[in-house]
Amino acid sequence: MRGVSQDGESETRELARQMGVAFPLEIDRGFELSRRFDLVTVPTLFVLDEDGRVTRSEAGFDKQSLNEIATMFGRSPVASAYDGNPASKPGCMSRHLETQADGASAPALDAFASSGPAASRIDLADGEDSYEYCYRVFGDALPVVPPTVERVERMLGAAAHDPRQVIGRVPPCYGEATVEKIAANAVMAGCLPEMMPVLVPLVRAVCDERFNAHGVQATTHFAVKTHSAMSREPTARSAAHFS
């Protein structure tokens, strides 16, 4: 068993540290292996024979496929229905197929950090109407309540959590839903402070992989309306404060 990473040395080491990876990891320099195996989706699991020929490939994550492969090697099932993971999960496009751009890459995701960065703040010019600013800049033509510092702090006062505590990571990009950012989005949606004790566990539930928010948010197909509404809020609007 060996893993191949499309990231650099430091990002790969950090991922191995976070995930406790026990098998060897190598860097796919210049995406040579990705091209050799005609890779489309990451992650993809390849089973090779003694001559290095692919006998089976599985894109994304699928418990049934993992257990079938384990059986091929005479092992017991490795994925359980009760291990906290979804039955299946789609992958993403291989990086060698993406449009290459200049500039630094985004920082590596820390999937286990318990504290996240503070929400950004926007200073409006004197005389700028905050409602008109939201309508013009946020751009989705939906009415929102401007998330002023005072309004967000009132929401935070109803939550028994540190404002920077990470409640969940919102698929598909896994941005950190801190208590402060949940409060900012709640203000924009018109929630009252007494709703925060419900909103915090609700966001945690939506971010549970078994809910499959990745599939709900990334699909162009219809989804159950209540699911779509619950999973959309943390990422659809900017979690900023106005001062």
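**Exercise 1. A salt bridge at helix H3**

Which side chain meets that of Lys-63 in a salt bridge? Place both partners in the chain and classify their exposure.

*Solution.*
Step 1. The model is predicted. In this model, the side chain of Lys-63 meets that of Asp-83 in a salt bridge, at 2.7 Å from N to O.
Step 2. The pair links distant parts of the chain. Lys-63 sits in helix H3 (residues 63-72), and Asp-83 in the loop between H3 and strand E7 (88-89). They are 20 residues apart.
Step 3. Compare the relative accessible area with the cut-offs. Lys-63 has 8%. Buried means under 20%, so Lys-63 counts as buried.
Step 4. Asp-83 has 34%. That value lies between 20% and 50%, so Asp-83 is partly exposed.
Step 5. Now list the surroundings of Lys-63. Leaving aside neighbours within four places in sequence, Lys-63 is in contact with Ala-79, Ser-80, Ala-81, Asp-83, Asn-85, Pro-86 and Ala-87. The salt-bridge partner Asp-83 is thus in the contact list. The two side chains also make a polar contact, at 2.7 Å.

**Exercise 2. Helix H3 from end to end**

Describe the start of H3, its buried residues, their cover, and what follows the helix.

*Solution.*
Step 1. Begin at the N-terminal end. Asp-62 caps H3 there. A side-chain oxygen of Asp-62 lies 3.2 Å from the backbone nitrogen of Gln-64.
Step 2. Find the buried residues. In H3 they are Lys-63, Ser-65, Asn-67, Ile-69 and Ala-70.
Step 3. Ask what covers them. The cover includes strand E4 (44-48), strand E5 (54-59) and strand E6 (61-62).
Step 4. Move past the helix. Gly-74 follows H3, and its phi is positive, near 70°.

**Exercise 3. Two salt bridges and a network**

Work through the bridges of Glu-26 and Arg-29, then name the members of a salt-bridge network.

*Solution.*
Step 1. Start with the count. The structure holds 14 salt bridges.
Step 2. Take Glu-26. This residue forms a salt bridge with Arg-2, and the closest N and O atoms are 2.3 Å apart. Distant parts of the chain are linked: Glu-26 lies in strand E2 (residues 25-27), Arg-2 in the segment before strand E1 (3-5). The separation is 24 residues.
Step 3. Classify the two. Glu-26, at 27% relative accessibility, is partly exposed. Arg-2, at 51%, is exposed.
Step 4. Take Arg-29. Its side chain meets that of Glu-9 in a salt bridge, at 2.4 Å from N to O. This pair, too, joins distant parts of the chain, 20 residues apart. Arg-29 is in the loop between E2 and helix H2 (32-36), while Glu-9 is in helix H1 (residues 9-19).
Step 5. Classify again. Arg-29 is exposed at 55%. Glu-9 is partly exposed at 39%.
Step 6. Name the network. Salt bridges link Asp-49, Asp-51 and Arg-53.

**Exercise 4. An aromatic pair**

How many aromatic pairs are there? Give the geometry and the exposure of the rings.

*Solution.*
Step 1. The count comes to one aromatic pair.
Step 2. The rings are those of Phe-37 and Phe-46, with centres 5.0 Å apart. Their planes stand at 35°.
Step 3. Apply the angle rule. Under 30 degrees counts as stacked, over 60 as edge-to-face. The angle of 35° falls between these, so the pair is tilted.
Step 4. Check exposure. Phe-37 has a relative accessible area of 25% and is partly exposed. Phe-46 is also partly exposed, at 27%.

**Exercise 5. Surface and overall make-up**

Identify the residues of a nonpolar surface patch, then summarise the protein as a whole.

*Solution.*
Step 1. Met-1, Phe-23 and Leu-25 make a nonpolar surface patch of about 310 Å².
Step 2. Look at one member. Leu-25 lies in strand E2. Its relative accessible area is 36%, so Leu-25 is partly exposed.
Step 3. Widen the view to surface area. The accessible surface of the protein is about 15300 Å², and 54% of it belongs to carbon and sulfur atoms.
Step 4. Turn to burial. Of the 243 residues, 30% count as buried.
Step 5. Add the secondary structure. The protein has nine helices and 12 strands.
Step 6. Finish with contacts. Among contacts with a separation of 6 or more, 59% come from residues 24 or more positions apart.

Methods: Residues numbered from 1 in each chain as written. Predicted model: local features only at pLDDT ≥ 70, side-chain atom pairs only at ≥ 80, totals over all residues. Heavy atoms only, no water. Salt bridge = Lys/Arg side-chain N within 4 Å of Asp/Glu carboxyl O. Helix = DSSP H or I, 4+ residues; strand = E, 2+ residues; numbered from the N terminus. Buried < 20%, exposed > 50% of the residue type's maximum accessible area, 1.4 Å probe, protein only. Contact = heavy atoms within 4.5 Å. Polar contact = N/O pair within 3.5 Å; in protein donor to acceptor, adjacent residues only side chain to side chain. Phe/Tyr/Trp six-rings, centres within 6.5 Å; stacked < 30°, edge-to-face > 60°. Areas by Shrake-Rupley, 256 points an atom, 1.4 Å probe, with all protein chains shown as cover. Patch = residues over 30% accessible without salt bridge, like charges linked within 9 Å, V, L, I, M, F, W, Y side chains within 5 Å.
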